[in-house]
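Visitor: Hi! Could you walk me through this model?
Guide: Happy to, let's put it on screen.

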Amino acid sequence: MTSALFLGAGASPGVPSLSNGWGACNPNNPKNIRRRTSTLYEVNGVKILIDTSPDLRMQLLDNHITELDGICYTHAHSDHLYGIDELREINRITCKPLDVFATEVTMKEIKKRFSYLLLDKESEDFYFSKPGLLPHVIKPNHLFEINGIKIMPLKLLGHNMPTFGYIINDEIVHIADFKQFANSAWKHILQIKPKLLVLPLTIIEYHRYHIGLKEALEYIKILKPEKVVLNHMASECDYDFVNKHTPDNVEPAYDNLKIEW
Ligand SMILES: [Zn+2]
Ligand SMILES: [Zn+2]
């Protein structure tokens with residue numbers, strides 16, 4: 001059994017945002033209230049968290065998430081990383097360090113900003129006053145495993161920082177902030193028929209560092225996944241508007257949306 005739980009469907013400012021309020025979003029639709037992005041995949045009982053949103057504390061509480069098998073980072077922007085301190089509560093419950101996976105460029109940033117969180121080796125004592133994280137540096141196009149679940153890191157292009165996506169268990173393709181897939185990423189995705197493709201929509205119109213709705217629909221047409229979830233949406237993206245302007249197999253994310261198969 002596999003499930004995807006969208007803990008936060010929002011882009012970096014969240015919805016509503018201080019600067020733009022509800023924007024184009026209908027304030028009467030609760031699906032438009034969006035925390036920042038974290039996604040929990042559970043594959044055959046293995047729990048993999050993608051990114052640690054600044055809203056992670058409430059996301060873990062709301063969904064009674066008390067254990068994780070691994071955390072994979074897409075990039076080091078604050079809306080994807082700065083909830084990293086909240087992982088301490090998982091350490092406290094499980095009394096074990098947590099395995100954290102990121103490419104070299106992302107891990108470097110994590111080390112620079114959060115050096116106090118990272119352990120050198122599993123046997124090292126860690127104190128519950130801070131999270132205990134075991135860093136694992138991964139490479140794009142090099143398969144790794146979390147408790148037997150295969151994960152392929154993908155290189156993404158066009159964001160204003162290097163970003164990475166993941167193919168999980170040959171069935172889920174999770175893509176973070178980007179404009180284009182690297183050729184190598186295309187190659188891997190085209191080898192599978194994704195059951196679930198997760199794309200960051202962010203805005204409707206053109207943006208220099210993000211895809212808009214038109215580009216998202218073009219990718220969906222080529223990749224032909226069974227199901228698509230659009231997440232990472234800013235206040236320009238009203239739930240009903242996005243739903244109306246996308247095919248039936250495409251669903252805009254909302255906080256705590258869960259999909260199982
Ligand atoms: Zn982002
Ligand atoms: Zn970003």
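Guide: We can talk about the metal sites and then a pair of helices; do keep in mind that this is a predicted model.

Visitor: Sure. Which protein donors does the zinc ion (ligand 1) have?
Guide: They are Asp79 (OD), His80 (NE2), Asp177 (OD) and His232 (NE2), and they lie 2.1 to 2.4 Å from the zinc ion (ligand 1).

Visitor: And how are those donor residues spaced in sequence?
Guide: The pattern for the zinc ion (ligand 1) reads D-H-x96-D-x54-H. Asp79 sits in helix α2 (residues 78–81), while Asp177 is in the loop between β10 (172–174) and β11 (180–181), so this pair ties together parts that are 98 residues apart in sequence.

Visitor: Is Asp79 buried or exposed?
Guide: Asp79 is buried, at a relative accessible area of 5%. Asp177 is buried too, with a value of 2%.

Visitor: What about the geometry, what angles are there among the 4 donor atoms of the zinc ion (ligand 1)?
Guide: They run from 92 to 159°, and the site is irregular. To count as tetrahedral, four donors need all angles between 85 and 135 degrees.

Visitor: Got it. Now the other metal: which protein donors does the zinc ion (ligand 2) have?
Guide: Here you'll find His75 (NE2), His77 (ND1), His159 (NE2) and Asp177 (OD), at 2.2 to 2.5 Å from the zinc ion (ligand 2). Their sequence spacing is H-x1-H-x81-H-x17-D.

Visitor: What are the angles among the 4 donor atoms there?
Guide: For the zinc ion (ligand 2) they span 86 to 161°, and this site is irregular as well. His77, in the loop between β4 (70–72) and α2, and Asp177, in the loop between β10 and β11, link distant parts of the chain, 100 residues apart.

Visitor: How far apart are the zinc ion (ligand 1) and the zinc ion (ligand 2), and which residue bridges them?
Guide: The two ions lie 3.4 Å apart, with Asp177 as the bridge.

Visitor: Nice. Switching topic: at what angle do helix α5 and helix α6 pack?
Guide: Helix α5 (residues 183–190) and helix α6 (residues 213–223) meet at about 45°, and their axes are 11 Å apart. That makes α5 and α6 oblique to each other.

Visitor: Which residues make the contact?
Guide: From α5 there are Trp186, Ile189 and Leu190, and from α6 there are Tyr219, Ile222 and Leu223.

Visitor: How do those divide into nonpolar, polar and charged?
Guide: The contact of α5 with α6 has 6 nonpolar residues, no polar ones and no charged ones.

Note on methods
Residues are numbered from 1 along each chain as its sequence is written. Chains are lettered from A and ligands numbered from 1 in the order in which they are written. This is a predicted model: local features need pLDDT of at least 70, side-chain atom pairs count only at pLDDT 80 or more; totals for chains, interfaces and linings use all residues. Side-chain values use heavy atoms; hydrogens and water are left out. Axes are lines fitted to C-alpha atoms, for helices over the stretch in contact, and angles run from 0 to 180 degrees between N-to-C directions. Helices (H or I, at least four residues) and strands (E, at least two) are DSSP runs, numbered from the N terminus. Angles under 35 degrees count as roughly parallel, over 145 as roughly antiparallel, 65 to 115 as roughly perpendicular and the rest as oblique. Contact means heavy atoms within 4.5 Å. Ala, Val, Leu, Ile, Met, Phe, Trp, Tyr, Cys and Pro count as nonpolar, Asp, Glu, Lys and Arg as charged, and the others, Gly among them, as polar. Donors are N, O and S atoms within 2.8 Å of the metal (3.2 Å for Na, K and Ca); water is not among the atoms, so sites may look incomplete. Four donors count as tetrahedral if all angles lie between 85 and 135 degrees; four count as square planar and six as octahedral if opposite donors are over 155 degrees apart and all others between 65 and 115; anything else is irregular. Buried means under 20% relative accessible area, exposed over 50%, partly exposed in between (1.4 Å probe, protein chains only).
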